[in-house]
Amino acid sequence: MSELLVDFITSLDGYASGEGWPGFWGLEGPEYLAWLAEQPEVTYLMGANTYRLMSGFAAGEVPNGQEDFRPEEEASVDELTQAPKVVFSSSLEEPLAWANCTLVRDDAVEAVRAMKENGSGLLSTIGSLSLCRSLLKAGLVDRFRVGMFPVITGATGEERIYDGYPDVALEMIEHRTFDGRIQLLEYKPRVLEHPPLGAPT
């Protein structure tokens with residue numbers, strides 16, 4: 001049976017990106033990059049918007065506000081290109097131009113449920129905020145990981161991650177600090193039907 005990881009890179013105030021900011025908010029360091037390089041192979045799950053964005057980067061489209069990719073960004077995109085990817089969309093057409101992508105038109109929640117039951121290895125989301133929200137609400141997420149970068153993007157932040165989420169209890173299973181500034185927090189999530197009515201006994 002496969003395990004499903006929802007994996008976010010965020011600003012302190014919970015944004016997935018910010019207008020004019022580079023990848024990793026320009027704050028990645030050697031410890032963090034080494035840790036990324038050590039991560040196990042995964043199959044990435046994404047929606048159409050993330051596919052369009054990331055496949056554009058893979059084709060050489062530079063993010064707004066940048067003249068060129070930084071080496072760290074190029075390496076990240078190259079690794080994603082080589083990895084197996086599943087794209088959930090009813091609007092994209094086959095064949096997908098980005099290498100190693102499989103297009104799934106079926107309901108994403110039911111498709112991921114079947115992938116978990118019939119597969120092995122690790123499934124991981126990338127971006128795709130609405131997909132992540134749907135998978136969490138359906139109780140399919142085994143691990144919820146946040147790499148929190150020390151910046152507040154109140155004026156330029158885009159893609160608020162947690163809007164529309166249910167209430168979720170989080171049991172911490174790992175935490176680390178990279179390069180003296182980046183916080184990694186990993187949890188086992190449990191969707192709540194309602195807030196706790198009283199203090200734990």
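Is Phe8 buried or exposed, and what relative accessibility does Phe8 have? In this predicted model, Phe8 has a relative accessibility of 2% and therefore counts as buried. The surroundings of this residue make a pleasant way into the fold, and the overall picture comes first.

The protein contains five helices and ten strands. Its 201 residues would give a radius of gyration near 17 Å if they formed a compact globule, and the value for the protein, 17 Å, agrees with this. Along the principal axes, the C-alpha atoms fill a box of roughly 55 × 40 × 30 Å. Of the 201 residues, 41% count as buried. The surface that the protein exposes comes to about 11200 Å², and carbon and sulfur atoms supply 50% of this area. Contacts across the sequence are well represented: among contacts with a separation of 6 or more, 72% involve residues 24 or more positions apart.

Aromatic residues offer a good illustration of such links. The count of aromatic pairs comes to twelve. Phe8 and Phe144 form an edge-to-face pair, with 5.8 Å from centre to centre and 65 degrees between the planes. Phe8 belongs to strand E1 and Phe144 to strand E7 (residues 143-149), so the pair ties together parts that are 136 residues apart in sequence. Like Phe8, which is buried at 2% relative accessibility, Phe144 counts as buried, with a relative accessibility of 5%. Phe144 also pairs with Tyr162; here the arrangement is tilted, with 6.5 Å between the centres and 35 degrees between the planes. This second pair links distant parts of the chain, since Phe144 is in strand E7 whereas Tyr162 sits 18 residues away, in the loop between strand E8 (157-160) and strand E9 (168-178). Tyr162 has a relative accessibility of 37% and so counts as partly exposed. Elsewhere, one aromatic cluster is formed by Phe24, Trp25, Tyr32, Trp35, Phe149 and Phe178.

Phe24 of this cluster also serves as a reference point for Glu72. The two residues are 48 residues apart in sequence, and their C-alpha atoms are 9.2 Å apart in space. Glu72 lies in helix H3 (residues 71-82) and counts as partly exposed because its relative accessibility is 27%. Beyond its neighbours within four places in sequence, Glu72 is in contact with Glu28 and Leu33.

The next element to consider is helix H4. At the start of H4, a side-chain oxygen of Asp107 comes within 3.2 Å of the backbone nitrogen of Val109. Within this helix (residues 108-118), the buried residues are Ala108, Val109, Ala111, Val112 and Lys116. Viewed down the axis of H4, these buried residues fall within an arc of 165 degrees, so they line one face of the helix. Glu117 and Asn118, on the other side of H4, are exposed. The packing partners of the buried residues of H4 are strand E1 (3-11), strand E3 (42-47), strand E4 (85-88), strand E5 (101-104), strand E6 and helix H5.

Helix H5 (residues 129-137) has a buried set of its own: Leu129, Leu131, Cys132, Leu135 and Leu136. Down the axis of H5, the buried residues fall within an arc of 160 degrees, and so they too line one face of their helix. Just after H5, Gly139 adopts a positive phi of about 75 degrees.

Two of the buried residues of H5, Cys132 and Leu135, reappear among the contacts of Thr125. Thr125 lies in strand E6 (residues 122-125), and with a relative accessibility of 1% it counts as buried. Leaving out residues up to four places away in sequence, Thr125 touches Leu5, Val6, Asp7, Tyr44, Leu45, Cys132 and Leu135. With Asp7 there is also a polar approach: a polar atom of the Thr125 side chain lies 3.3 Å from the backbone nitrogen of Asp7.

Terms used. Residues numbered from 1 in each chain as written. Predicted model: local features only at pLDDT ≥ 70, side-chain atom pairs only at ≥ 80, totals over all residues. Heavy atoms only, no water. Helix = DSSP H or I, 4+ residues; strand = E, 2+ residues; numbered from the N terminus. Buried < 20%, exposed > 50% of the residue type's maximum accessible area, 1.4 Å probe, protein only. Polar contact = N/O pair within 3.5 Å; in protein donor to acceptor, adjacent residues only side chain to side chain. Contact = heavy atoms within 4.5 Å. Arc of directions from axis to C-beta. Rg over C-alpha atoms; globule rule 2.2 N^0.38 Å. Areas by Shrake-Rupley, 256 points an atom, 1.4 Å probe, with all protein chains shown as cover. Phe/Tyr/Trp six-rings, centres within 6.5 Å; stacked < 30°, edge-to-face > 60°.
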